[in-house]
Amino acid sequence: MRRFGGVCMNGCVSVCVCTYECVCPCSRVIECNTQDLQTILNILYILNELLTVGGGRRIGVFVSKGGTGILLQLVISASKESPPSEEVMLQLHSVLAKVGPKDRKFGVKARLNGALNVTVNLLKQNLQNHKLLLPCLLVLQVYSSNTVNAVSLGKNGVVELMFKIIGPYSKKNTSLLKVSLDTLGALLKSKTNARRAVVHVPVLLYIYHDWHRNDTCHRHILIRKGILGCLKNITNIKLGRKAFIDADGMRILYNTSTECLPVRTLDPLINTSSLIMRKCFPKNRLPLPTIKSVFHHQLLRVPAGGPVAQLYNQPLGVDDVVDESDDNEDAEAENEVEEKDHHAGNDDIETDINKLRPKETHSRPFEELKIYERFFMELSEDFQVMQYIFLSAPKSHRQIIVPTAQALPLKNHTAAPLQGECPHPATVPPLDLDTINITKDQDGCGDHTHSRPHPGAGLEQELVQGLERVALDGAGPQGGGGGVNKHNRQSPILAAGVAARLGGEGEEMLAEEWVPDTALLLPLHDPDLYVEMVKSTCSVPQFSEVAYPDYFGHVAPTFREHILERVYGVQRTKIFQDIERLIHPNDILDKVVYDLDIQSCPVIDGGESLKFNSQFESGNLRKAVQVRKFEYDLVLNSDINSNHYHQWFYFEVSGMRVGAPYRFNIINCEKSNSQFNYGMQVLMYSVQEAISGRPRWVRTGTDICYYKNHFSRSSIAAGGQKGKSYYTMTFSMTFNHKDDVCYFAYHYPYTYSTLKMHLQKLEALRTPQTYLREDVLCETLGGNSCPLLTITAMPESTSNDQICQFRNRPLVFLSSRVHPGETNASWVMKGTLEFLMGSSPLAQSLREAYIFKIVPMLNPDGVVNGNHRCSLSGEDLNRQWQNPSPELHPTIYHTKSLLQYLAAIQRAPLVFCDYHGHSRKKNVFMYGCSLKETVWETNISATSCELHEDLGYRTLPKILSQMAPAFSMASCSFVVERSKEATARVVVWREIGVQRSYTMESTLCGCDQGKYKGLQIGTRELEEMGAQFCVALLRLKRQTSPLKLRNHAHLLDVESDLMETRCKILIPKPLLCCLGCVPRVVVLLGGEPSPQSEVLSALKQVFIKDLSVLCSVHLSHVPD
Ligand SMILES: [Zn+2]
């Protein structure tokens, strides 16, 4: 006992005939007594007994003392006896079956020893001897888990052997059957063996069905699972999948699974069946002529070898080849909920210390950068005309903010675009709103006729039918030929247009009230201004319509929108419905109802199908196919000049039936997982709701899930990887209103035209203390201008001291929306801009503390055209920062140049931050750059390089985590990854030398910590985040230079108040608006009865209800 310490086994002495206390010496006894059969048997009995009662630990000791080798040796010597003793073999295999699973090298040992064949021969000769068969099979199962053994056993006919043992339902020998199936399953993991077993697929299916039918009490689930396990492994190869389909496997597994559904304990069977069926479901190509974007933008220069050249140099159809290669999908989890947000692997971390060190050399000569001086007028401003500024009325319309000698009139006050040859100069002749045709399209053919309500027809219905489109007639600089647009079904409707259709000039006043007056609630929103902005927006598809949500605006709901709890079995149900398409093909309509690839589309029918549309800014639906009565497959368009990046979506639906259970499937998603599997919902905007006083996007949809589907992805669109499939994002939805027009989006839309509208409104809000300048940084490839904002405080006076303080304020450089699908980034930016332009004392001191340089939309073209990731060059602009091209990536090139200019004049910004959205994580967080933290993550010896690093980069995220409820410090990372080395954050850190260079990522889903834990994120929270970012900068300022803010000590209290309640920041304006509603309601209530009195009274109710909602909204804003 002492000798073996803790691992010694009690009771050994009393049983064992040898003089030692333990099993290990037992084996020595066997070794020297191999001549005596009875002794061997006795020892084996004892050993068997010892290992059975001793458990895993005892077996472990036995293995570590070389027990396995001795046993295997015994097997060999016993096999040489003729005939071999059956009892010895039985006992030997029983012991081996216990030892094998605990010995990691068991398979190798057995092979080298030659025991493999002994066991196989024994099996072959004793197929009827069940007593001996069982331990041999158990040992064989352990042998087979080694792949080399599996192949060798297969060659020896073991696969065939197993098929002789397994059979249909029988109450006899179930344990034997179970072991044979597991052994077979292990053998079939080898593709050679799977090929051998292909012919047996019908047998396996038959046996499975037989067990399913007879095992009514579900006593043998493990046997049934064993059969499925074999099928699962055979169908890993293409031949196996074919055999499965040929043997009617889909129907058999579908039917058995459906019968299993009510019994929860049978879930493992259903899950494995579903896995097999999904794998075998014949791969289809997407129902598209090509996966290249339906729209093409001709680049002025197509760089050879670039993505666009690659895409368009391919022979026709090559990009859509259905690939049925033998992909091994074993890795795919059978479990339907599986969170594997594996952090970018360690191999992505930059290990080259020289690449990590900030590189201070400026590659560009100053002469070249000097032209950017014009964007930094504030650095040389002398305010000789200050008097004028202070005297002029603060609320002057769109006007130059700092009139200087260089200032130009409206629109032209901005610096000239850097690309002179841009097709659409910034000065677009302003189109009058009156030029918008106020007509209604009756039949969708462009025949504009004014209509009167049908007698007896509900006015509301009539109204909404009219409200199908807000469209621009002859809109935009390119849109003059509206007919160019092949899908131009425009029925241009604006507020006044509604009046026209209501059947009389007299009712215009009433009709106008149908447009929700969001301008009252949203200080930056103005529908008319929005339409005006859209006219000067250039899109590749030449959009001529305006989506209602963008026109009406979005008033964030006040109710909470919880992250959904996933309902058990949703994904399985959806997958089964997909499989039914194959089982019952006659139930499938397969009717194309919307198709951008075909001229004549959409099909107009007798109201049996939904109508789809996304011919408006940021819209990107390519095709809609009605699959069943209430189910639609939707295909998204690729980013322009690309053949992938499908994730963002924005489209319109009309012609719905109230209460019908619609199911929508977006079938060409690409990411392997999505927050739609973790509680995120889609966003919906109902026009009926909007005109009833609730103009807002709401989280909606049930039975939401995201899973791999049967549409094959060509390797060209999957980065060279073969055998990839697309993913389906599915959601169900019942509509509440008849004749509604609803919009669905991936996230809260924020168009380029919305940005332009917001900027104009912000400018109007400017106070005399605010210095605001809007420049055009450059023109984009699509002819849109990229705004650059400068925001700071005016100097207090023209004294030298003040001017000096003004010019020497540190710079903060912010950018956003380089990725068009990350609309949340724009909402955060809106919060930042609104705060910065605000009249609060905090905003004023922030402006006095810094000069803000802001590029609010780095990728306007991507946003306009409904891209998810790229610009018109077909490239991810946030991977171009190392070497941006002025022709292909103008916004990046010039933004980087601004920063290079600042570095050259020794004014590199204190903080750089690029706002993004994150589709896989929750909360808001930051990525930064730290040399030390990157080195710590790698194996580079930290002592081998001198590391001096200020920890200042952690301050801002730390402050944010203390004050912004959505922000999570735990999600932040400061490690520099190789794959990110061409991003804004890393390049600005390394090349410009900005230590506080960040990417701020906002979740698309919601929060799992802090005050918003369990809630989905909304625009209110995103805007709040943008505002809190500003307040954090003020605190950063205080921490970096506490003396300078001494004069503002009184503000610190306000600031800490603000940190506790976000609401105060945002209250004042809406509250005023709310009060502003009162007279409106009163007027309405006193209105004269009219032919539409019913409608009028309904309207009154809405306003009254609205008022109470508004009041409650604002009351709820009062800090707790
Ligand atoms: Zn991004």
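**Loops, helix packing and a buried leucine**

Asn641 sits in the loop that runs between strand E6 (631-636) and strand E7 (650-654). In this predicted model, phi of Asn641 comes out near 60°, a positive value in a residue other than glycine. With a relative accessibility of 1%, Asn641 also counts as buried, since the cut-off for that label is under 20%. Asp739 is another case of positive phi in a residue other than glycine, here near 55°, and its place is the loop between strand E12 (725-733) and strand E13 (741-745). For the backbone there is also a cis peptide bond, going from Ser82 to Pro83, with omega near -5°. Pro83 belongs to the loop between helix H4 (67-80) and helix H5 (86-99). As background, most residues other than glycine have a negative phi, and most peptide bonds are trans.

Stepping back to the whole protein, the secondary structure adds up to 43 helices and 20 strands. Of its 1120 residues, 59% count as buried. Taking contacts between residues at least 6 apart in sequence, 78% link residues at least 24 apart.

Helix H4, which precedes the Pro83 loop, packs against helix H3 (residues 37-64) at an angle of about 150°, the two axes lying 12 Å apart. The pair is therefore roughly antiparallel, as an angle over 145 degrees is what that term requires. The crossing of H3 past H4 is left-handed. On the H3 side, the contact uses Ile40, Leu44, Leu47, Phe62 and Val63, and on the H4 side Gly67, Thr68, Leu71 and Leu74. Sorted by class, the residues of this contact are seven nonpolar, two polar and no charged.

A second helix pair involves H16 (residues 249-260) and H28 (residues 570-583), whose axes come within 10 Å and cross at roughly 135°. That angle makes H16 oblique to H28. Here too the crossing is left-handed, with H16 passing H28. From H16, the residues involved are Met250, Arg251, Tyr254, Ser257 and Thr258, and they meet Phe576, Ile579, Glu580, Leu582 and Ile583 of H28. This contact breaks down into six nonpolar, two polar and two charged residues.

H16 turns up again around helix H14 (residues 221-234), being part of what covers the buried residues of H14. The cover also includes helix H11 (174-187), helix H12 (191-197), helix H13 (201-214), helix H15 (238-246) and helix H17 (267-280). H14 itself has 14 residues and spans 20 Å from its first C-alpha to its last, close to the 20 Å expected at 1.5 Å a residue. Eleven of those 14 residues are buried, so H14 is largely enclosed by the rest of the structure. Among the buried ones are Ile221, Ile223, Ile227, Leu228 and Leu231, along with Arg224 and Lys232. Gly226, Cys230, Asn233 and Ile234 of H14 are buried as well.

Further along the chain, Leu836 is part of helix H32 (residues 823-836). Its relative accessibility is 0%, so Leu836 counts as buried. Leaving aside residues up to four places away in sequence, Leu836 touches Ile791, Ala843, Leu846, Arg847, Phe852, Ile854 and Cys1030. Leu836 and Ala1027 are 191 residues apart in sequence, yet their C-alpha atoms are 7.9 Å apart in space.

Conventions: Residues numbered from 1 in each chain as written. Predicted model: local features only at pLDDT ≥ 70, side-chain atom pairs only at ≥ 80, totals over all residues. Heavy atoms only, no water. Axes fitted to C-alpha atoms, helices over the stretch in contact; angles between N-to-C directions. Helix = DSSP H or I, 4+ residues; strand = E, 2+ residues; numbered from the N terminus. Parallel < 35°, antiparallel > 145°, perpendicular 65-115°, else oblique. Left-handed = near helix turned anticlockwise from the far one by under 90°. Contact = heavy atoms within 4.5 Å. Nonpolar A, V, L, I, M, F, W, Y, C, P; charged D, E, K, R; others polar. Expected span 1.5 Å × (residues − 1). Buried < 20%, exposed > 50% of the residue type's maximum accessible area, 1.4 Å probe, protein only.
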